[in-house]
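User: I am new to reading structural models and would like to learn how to interpret one. Could we take the features in turn, with the general idea before the case?

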Amino acid sequence: MYAIVDIAGQQFKVEAGAEIFVQRLPQAKGAAVEFDKVLLVDNEGKVKVGTPYVKGAVVKATVLDDTCRADKVIVFKKIAHKGFQTCNGHRQLLTKIQINEIA
């Protein structure tokens with residue numbers, strides 16, 4: 001059984017027991033979270049597609065870590081023949097959650 005869920009503006013394919021990284025959520029570590037924006041539910045071949053969301057479908061999860069950071073993204077700019085170059089780095093803040101159940 002899996003579901004397609006809209007979490008913080010992004011869509012994720014989730015299954016029970018899966019651990020995923022999502023954009024920063026306001027909940028603290030150990031908090032229970034419910035996502036009701038379920039776009040699709042597949043229960044062993046029985047597919048339910050929402051318009052836009054499946055009614056009554058909820059994905060329950062637990063926040064494992066709220067201080068994760070993504071890999072560094074390097075932003076390098078250079079203007080040829082001018083001697084200008086700059087290099088900046090950025091690490092996005094993420095939240096690690098574990099999917100408990102799809103109801």
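Analyst: Let us begin with exposure at a single position. The general idea is to compare a residue's relative accessible area with the limits of the classes: exposed is over 50%, buried is under 20%, and partly exposed lies in between. In this predicted model, Val-73 has a relative accessible area of 46%, so the residue counts as partly exposed.

User: Where does Val-73 lie, and which residues does Val-73 touch beyond its neighbours within four places in sequence?

Analyst: One first places the residue in its element and then lists its contacts. Val-73 belongs to strand S8. With neighbours within four places in sequence set aside, Val-73 is in contact with Asn-88, Gly-89 and His-90.

User: What is the bridge partner of Val-73 in S9?

Analyst: A bridge partner shows which residue of one strand is matched with a given residue of another. For Val-73, the partner in S9 is His-90. The wider pairing is between strand S8 (residues 73-79) and S9, which run antiparallel and are joined by 7 bridges. The hairpin of these two strands has 4 residues between them, and His-81 there takes a positive phi near 70 degrees.

User: How should I read the residue before it in the sequence, Lys-72: where is its place?

Analyst: The approach is again to find the element and then the exposure. Lys-72 is placed in the loop between strand S7 (59-69) and S8. Because its relative accessible area is 55%, Lys-72 is exposed. An exposed residue may still have contacts to list: apart from neighbours within four places in sequence, Lys-72 is in contact with Gly-89, His-90 and Arg-91.

User: Is Thr-86 buried or exposed, or does it fall in between?

Analyst: The same limits apply. Thr-86 has 27% relative accessibility and therefore counts as partly exposed. Thr-86 is found in strand S9 (residues 84-90). Once neighbours within four places in sequence are left aside, its contacts are with Val-75, Phe-76 and Lys-77.

User: How many residues apart along the chain are Val-73 and Thr-86, and what separates their C-alpha atoms in space?

Analyst: Separation in sequence and separation in space are two distinct readings, and it is useful to set them side by side. Val-73 and Thr-86 are 13 residues apart along the chain, with 14 Å between their C-alpha atoms. For Lys-72 and Lys-46, the values are 26 residues and 40 Å. For Thr-86 and Leu-25, they are 61 residues in sequence and 32 Å in space, C-alpha to C-alpha.

User: Which strands pair at the start of the chain, and in what sense?

Analyst: To read a pairing, one notes the two strands, their sense and the number of bridges. Strand S1 (residues 2-7) pairs with strand S2 (residues 10-15) in the antiparallel sense, over 6 bridges. Within this pairing, Tyr-2 has Glu-15 in S2 as its bridge partner. The hairpin has 2 residues between the strands, and Ala-8 takes a positive phi near 55 degrees. S1 is also joined to strand S5 (residues 38-43) by 4 bridges, again antiparallel. There, Val-5 stands opposite Val-38.

User: What lies over the face of Tyr-2?

Analyst: For a ring, one asks what charge sits over its face and whether another ring pairs with it. Lys-13 lies over the face of Tyr-2, at 4.4 Å from the ring centre. As for ring pairs, the structure holds 0 aromatic pairs.

User: What does the secondary structure of the whole protein come to, and what are its overall dimensions?

Analyst: At this level, one counts elements and then considers overall extent. The protein has 0 helices and 10 strands. Its C-alpha atoms fill a box of roughly 60 × 30 × 20 Å along the principal axes. The radius of gyration is 19 Å, whereas a compact globule of 103 residues would have one near 13 Å.

User: How much of the protein is buried, and what share of contacts joins residues at least 24 apart?

Analyst: Buried residues make up 29% of the 103 residues. Of the contacts between residues at least 6 apart in sequence, 62% join residues at least 24 apart. The accessible surface is about 7100 Å², and carbon and sulfur atoms account for 50% of that area.

Methods: Residues are numbered from 1 along each chain as its sequence is written. This is a predicted model: local features need pLDDT of at least 70, side-chain atom pairs count only at pLDDT 80 or more; totals for chains, interfaces and linings use all residues. Side-chain values use heavy atoms; hydrogens and water are left out. Two strands pair if DSSP finds at least two bridges between them. Rings of Phe, Tyr and Trp (its six-membered ring) pair if their centres lie within 6.5 Å; planes under 30 degrees apart count as stacked, over 60 as edge-to-face and the rest as tilted. A charge sits over a ring if NZ of Lys or CZ of Arg is within 6 Å of the ring centre and within 35 degrees of the ring normal. The radius of gyration is taken over C-alpha atoms; the globule rule is 2.2 Å times the number of residues to the power 0.38. Buried means under 20% relative accessible area, exposed over 50%, partly exposed in between (1.4 Å probe, protein chains only). Contact means heavy atoms within 4.5 Å. Accessible areas come from the Shrake-Rupley method with a 1.4 Å probe; for residues, only the protein chains shown count as cover.
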